[in-house]
Amino acid sequence: MRVLGAFPEAMPSGNSRPPASLASVALCLALWFLLPLSSLAGDRRPLSVGRTSGWKEKTLILLDVSTKNPVRTVNENFLSLQLDPSIIHDGWLDFLSSKRLVTLARGLSPAFLRFGGKRTDFLQFQNLRNPAKSRGGPGPDYYLKNYEDEPNNYRTMHGRAVNGSQLGKDYIQLKSLLQSIKIYSRASLYGPNIGRPRKNVIALLDGFMKVAGSAVDAVTWQHCYIDGRVVKAMDFLKTRLLDTLSDQIRKIQKVVNTYTPGKKIWLEGVLTTSAGGTNNLSDSYAAGFLWLNTLGMLANQGIDVVIRHSFFDHGYNHLVDQNFNPLPDYWLSLLYKRLIGPKVLAVHVAGLQRKPRPGRVIRDKLRIYAHCTNHHNHNYVRGSITLFIINLHRSRKKIKLAGTLRDKLVHQYLLQPYGQEGLKSKSVQLNGQPLVMVDDGTLPELKPRPLRAGRTLVIPPVTMGFYVVKNVNALACRYR
């Protein structure tokens, strides 16, 4: 269970006084807080294109997109953020009113804000006005404190275990308490926020869903890419690592759909490693391949929301460093927010399309996703389509737009590392221009590179890019 807030398009000025408490932080960031979650079932793997026997490296890939109907529609706040309780322990709380930090947060709106992490398990909640206390039993704060992060790990952290059925009963009790108190009566409830779905975790989720599946607004879990596997920059390019998420999604969806078909699912925390990331790697350009593929895969398989752990100051997996400088994954997230809408489209590649055999892990190195362009972006008319492409190959790839995309104008947003460090760089360039803040209150303009109609897309080796195909007039994208 976790406290969530949603921050809208407008946020307060950085000139406001530093907050003295969590409540004032919420006001400073213009957040309204909810209780945790929601999921959409279904299993659709990301389109992966790679070498196929008989096709040479220089083969021109023909790409088309189905424009009549979306295959998925995710939450408007699909890409959301988390703040870790370490900001309290480490003395960073007052800095949340920083004009620079607020500007960076505003750039990623609209989004939910989750305040949580393992240290939440050891926070003491003090509610001076808890109407439930007078009823002779524990109030909502008791349950908020006692069921926080990854209930499957309670035995390790607290020396006692909890089974799914008991956890479900406690959620039902909490739901009843919330509905009986006026200020909480419309609060949403999310859970159980389990960890990696191994056998014992799936058993816990099964017991929980059987008892309390209808009590939560969405089902939540956390994903951690395996410890020790990421040791150098090139490891972020390994398809085996990127594909570990897909199998976990299917396991979660299978249990959820057994008891509550169509229930929303959120990935309420994604990390490279459980230790908070890897120094000089999780905050580098290389980590972006993992992050962008995560976004594409989750939306493609129907996960409603993903919450990035963490926006600021936690390990090495954050979007903004301790000097308030945006890291490569921040710029990647900003481009995603500006260009990508919630409607997911099916991608077709002529000559290379195939269905993997059951149980086979896709290991191809060119990954292509398509969405309707964000309708809030007034640079593009409704009906436009945005592709985002990940090239893990060490050679460039050529893509020719076909079908409904043929002979359309394209805007390219190519993101590459900036500086001498290559994949380990903590700075990036967009279409050859380094991305830096103009000042504490101003983000840089994200300028596209226009490509003439009919031009072949050339994807440089080991890069990521967004491509807005203008004026397609896609039926799926014309209406909200």
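**Strand β11 and the cores around it**

User: Is strand β11 (residues 305–309) largely enclosed or open, and why?

Analyst: Keep in mind that this is a predicted model. Buried here means under 20% relative accessible area. Five of the five residues of β11 pass that test, so the rest of the structure leaves the strand largely enclosed.

User: Which residues of β11 point one way, and which the other?

Analyst: In a regular strand, side chains alternate between the two faces of the sheet. In β11, Val306 and Arg308 point one way, and both are buried. Pointing the other way, and buried too, are Val305, Ile307 and His309.

User: Which residue stands opposite Ile307 of β11?

Analyst: Look at strand β6 (residues 79–83), which runs parallel to β11 and is joined to it by four bridges. The residue standing opposite Ile307 is Ser80.

User: And what is the bridge partner of Val270 in β11?

Analyst: Strand β10 (residues 265–271) is also parallel to β11, with three bridges joining the two. Val270 has its bridge partner in β11, and that's Arg308.

User: Where is Thr260, and is it buried or exposed?

Analyst: Thr260 sits in the loop between α9 (244–259) and β10. Leaving aside neighbours within four places in sequence, Thr260 is in contact with Met209, Gly213 and Ser214. The cut-off for buried is under 20%. Thr260 has a relative accessible area of 14%, so Thr260 is buried.

User: Which helix gives the largest share of the largest nonpolar core?

Analyst: That core has 90 residues, and Trp221, Phe311, Tyr330 and Phe466 touch the most other members. The largest share, nine residues, comes from helix α10 (residues 287–300).

User: What does Phe311 touch, beyond residues up to four places away in sequence?

Analyst: Some of its contacts have lower numbers: Leu81, Gln82, Leu83, Leu101, Leu104, Ala105 and Leu108. The rest of the list is His318, Leu319, Val320 and Tyr330.

User: How many residues are in the second, separate core?

Analyst: Nonpolar side chains tend to be buried together in soluble globular proteins. Here a second core stands separate, and Val65, Ile389, Val410 and Cys477 are among its members. Its size is 27 residues.

User: Zooming out, what share of the protein chain counts as buried?

Analyst: The chain has eleven helices and 22 strands. Its accessible surface comes to about 20600 Å², with 51% belonging to carbon and sulfur atoms. Of its 480 residues, the share that counts as buried is 58%.

Methods. Residues numbered from 1 in each chain as written. Predicted model: local features only at pLDDT ≥ 70, side-chain atom pairs only at ≥ 80, totals over all residues. Heavy atoms only, no water. Core = buried A, V, L, I, M, F, W, Y, C linked by side-chain atoms within 4.5 Å. Buried < 20%, exposed > 50% of the residue type's maximum accessible area, 1.4 Å probe, protein only. Contact = heavy atoms within 4.5 Å. Pairing = 2+ DSSP bridges. Areas by Shrake-Rupley, 256 points an atom, 1.4 Å probe, with all protein chains shown as cover.
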